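The following report looks at how the parts of one protein chain meet, and then at a few individual positions. The sequence and the model come before the discussion.

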Amino acid sequence: MEQFLLDNAARHQMLVQRFKPPRQKTQSKSEASPSNITVATRIRPISDEELLSGQVVAVFPRLDSSGVVDLHELRRVVRGFPPLNSSSFQPGRVFSADDKTDTIYEDVVHSLIPWAWDGNVGTLFAYGQTGSGKTFTVRGLEQLVARSIFDGELEGERNVYVAMFELAGNSAYDLLNSRAPFSILEDHLGTTQLVGIQEFSVRSTAELLALSEKANELRQSAPTVKNDGSSRSHAICRIRIERPSHESAEGGILYLIDLAGSEAARDIFSHSTERLKETREINMSLSVLKDCIRGVADMEKRNPSKKAYIPFRQSTLTKVLKHLFDPSESRQCRTTVVACINPSFLDTGASKNTMRYAEMLCKS
Ligand SMILES: Nc1ncnc2c1ncn2[C@@H]1O[C@H](COP(=O)(O)OP(=O)(O)OP(=O)(O)O)[C@@H](O)[C@H]1O
């Protein structure tokens with residue numbers, strides 16, 4: 001299929017130029033949703049390397065601020081010229097290739113900071129296919145978060161503590177302690193404890209960024225078909241914010257989560273047995289996470305008082321984030337999901353899946 005697309009790149013571009021978008025009937029619900037989940041989609045720029053290899057852009061946000069994204073694929077036919085198959089999505093607040101990380105921060109992430117500062121739980125997930133820009137986005141956001149926390153605009157005194165770790169399969173590694181393994185256990189009160197992880201007190205933006213840099217160097221990566229430096233683990237930065245006068249109370253928490261990239265079946269044909277197992281584990285944990293986020297969104301929307309079954313015990317990632325997903329938890333949580341998209345016409349299958357999921361979260 002890849003070769004077929006590369007051979008027909010010029011036709012793809014010609015048909016895309018002729019495309020006349022139909023009127024969209026429904027409105028995007030992104031931030032207006034009453035749910036505590038904000039959904040955004042970031043379409044990264046196509047790289048020079050991708051252009052040089054003959055790839056073209058297939059994902060286009062409409063310019064009319066309707067929040068609609070058009071995706072175009074060439075259909076393979078037995079006889080005649082391949083026609084264009086176009087589909088459209090409303091995957092939340094849309095950020096295009098020209099939008100900087102600062103804009104995303106201001107629009108959908110910044111509000112999580114005072115929320116956590118006031119003792120609540122704010123979580124940011126970057127989700128998407130391998131090579132779609134998750135690490136780029138989360139690292140950029142981490143810097144802006146670090147500045148906001150210490151720029152003096154937030155009221156009151158707080159102690160800030162940071163832990164950074166990665167989850168690979170059922171294992172957890174401390175990224176601020178030479179990747180030392182640690183355990184994830186539930187205590188007698190049902191609270192998830194990260195047993196043996198090191199947490200550091202930070203007092204300035206520079207201290208927080210230095211820790212983030214250190215953690216990033218230790219993160220597990222391996223080449224995938226789509227990304228030479230692909231992250232093969234979920235990386236989690238946990239920022240705990242404690243009021244000195246309320247040390248016994250639970251502090252606010254901010255999680256910044258760079259999820260491992262999912263890989264499509266056609267991209268894993270050359271993997272070793274170990275890499276296949278790793279990919280299966282990543283895809284499984286992403287699937288459980290999706291079910292959990294969707295479950296919470298559904299529950300909030302349909303009947304907040306009725307407890308629903310949310311399968312958070314089925315993966316290490318969702319066990320760590322139990323407070324988000326366990327219906328018996330009482331902490332106030334707000335979540336932002338940034339769905340990341342590689343705009344290349346070679347990645348349309350994954351891009352469709354990512355946008356469908358974002359769309360579903362907006363509608364739930
Ligand atoms: N908004 C952007 N602007 C410019 N370059 C970007 C942007 N987003 C991503 N890139 C570049 O695209 C490549 C892939 O991005 P990145 O490594 O962040 O993907 P990923 O989704 O984290 O991949 P994986 O899941 O495989 O780790 C990198 O070279 C990155 O620098």
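In this predicted model, 17 residues of domain 1 are in contact with 20 residues of domain 2. On the side of domain 1 that touches domain 2, β1 (37-43), β5 (93-95) and α11 each supply at least two residues, and the largest share, six residues, comes from α11. Sorted by class, that side of domain 1 has seven nonpolar, six polar and four charged residues. The domain assignment behind this description gives domain 1 as 1-19 + 35-97 + 343-363 and domain 2 as 99-264 + 271-334, and the C-alpha centres of domain 1 and domain 2 lie 28 Å apart.

The wider setting is a protein chain with 11 helices and 16 strands, in which buried residues make up 44% of the 364 residues. Among the contacts in the protein chain with a separation of 6 or more, 70% are accounted for by residues 24 or more positions apart.

Burial leads on to the nonpolar core. The largest nonpolar core has 90 residues, of which L124, V162, M164, L256, V337, A339 and L361 touch the most other members. Helix α8 (residues 273-302) gives the most to this core, with nine residues. Because domain 1 and domain 2 both give residues to this core, it lies between them. As a general tendency, nonpolar side chains in soluble globular proteins are buried together.

One of the residues that touch the most other core members is A339. When its neighbours within four places in sequence are left aside, A339 is in contact with T41, P91, Y127, G128, T354, M355, Y357 and A358. Of these partners, T354, M355, Y357 and A358 are also listed among the buried residues of α11.

Helix α11 deserves a closer look. What distance separates the end C-alpha atoms of α11, and what span should its 16 residues have? Helix α11 covers residues 348-363, and at 1.5 Å a residue it should span 22 Å, which agrees with the 22 Å between its end C-alpha atoms. Its buried residues are T348, A350, S351, T354, M355, Y357, A358, E359, L361 and C362. An α-helix has 3.6 residues a turn, so residues three or four places apart point the same way.

Away from the core, three loop positions can be compared by their surroundings, and the table gives the count of other C-beta atoms within 10 Å for each.

| Residue | Exposure | Other C-beta atoms within 10 Å |
|---|---|---|
| D187 | exposed | 9 |
| S178 | exposed | 10 |
| R179 | partly exposed | 15 |

S178 is placed in the loop between β8 (171-174) and β9, and R179 is likewise placed in the loop between β8 and β9. The backbone at S178 has a positive phi of about 50° although S178 is not a glycine, while R179, which is not a glycine either, has a positive phi of about 60°. D187 is found in the loop between β9 (180-186) and β10 (192-195). Computed along the sequence is not the only way to place D187: from T123, D187 is 64 residues away in sequence and 22 Å away in space, C-alpha to C-alpha.

Conventions
Residues numbered from 1 in each chain as written. Predicted model: local features only at pLDDT ≥ 70, side-chain atom pairs only at ≥ 80, totals over all residues. Helix = DSSP H or I, 4+ residues; strand = E, 2+ residues; numbered from the N terminus. Expected span 1.5 Å × (residues − 1). Buried ≥ 20, exposed ≤ 12 C-beta atoms within 10 Å, placed from the backbone. Core = buried A, V, L, I, M, F, W, Y, C linked by C-beta atoms within 7 Å. Domains from an automatic or database assignment. Contact = placed C-beta atoms within 7 Å. Nonpolar A, V, L, I, M, F, W, Y, C, P; charged D, E, K, R; others polar.
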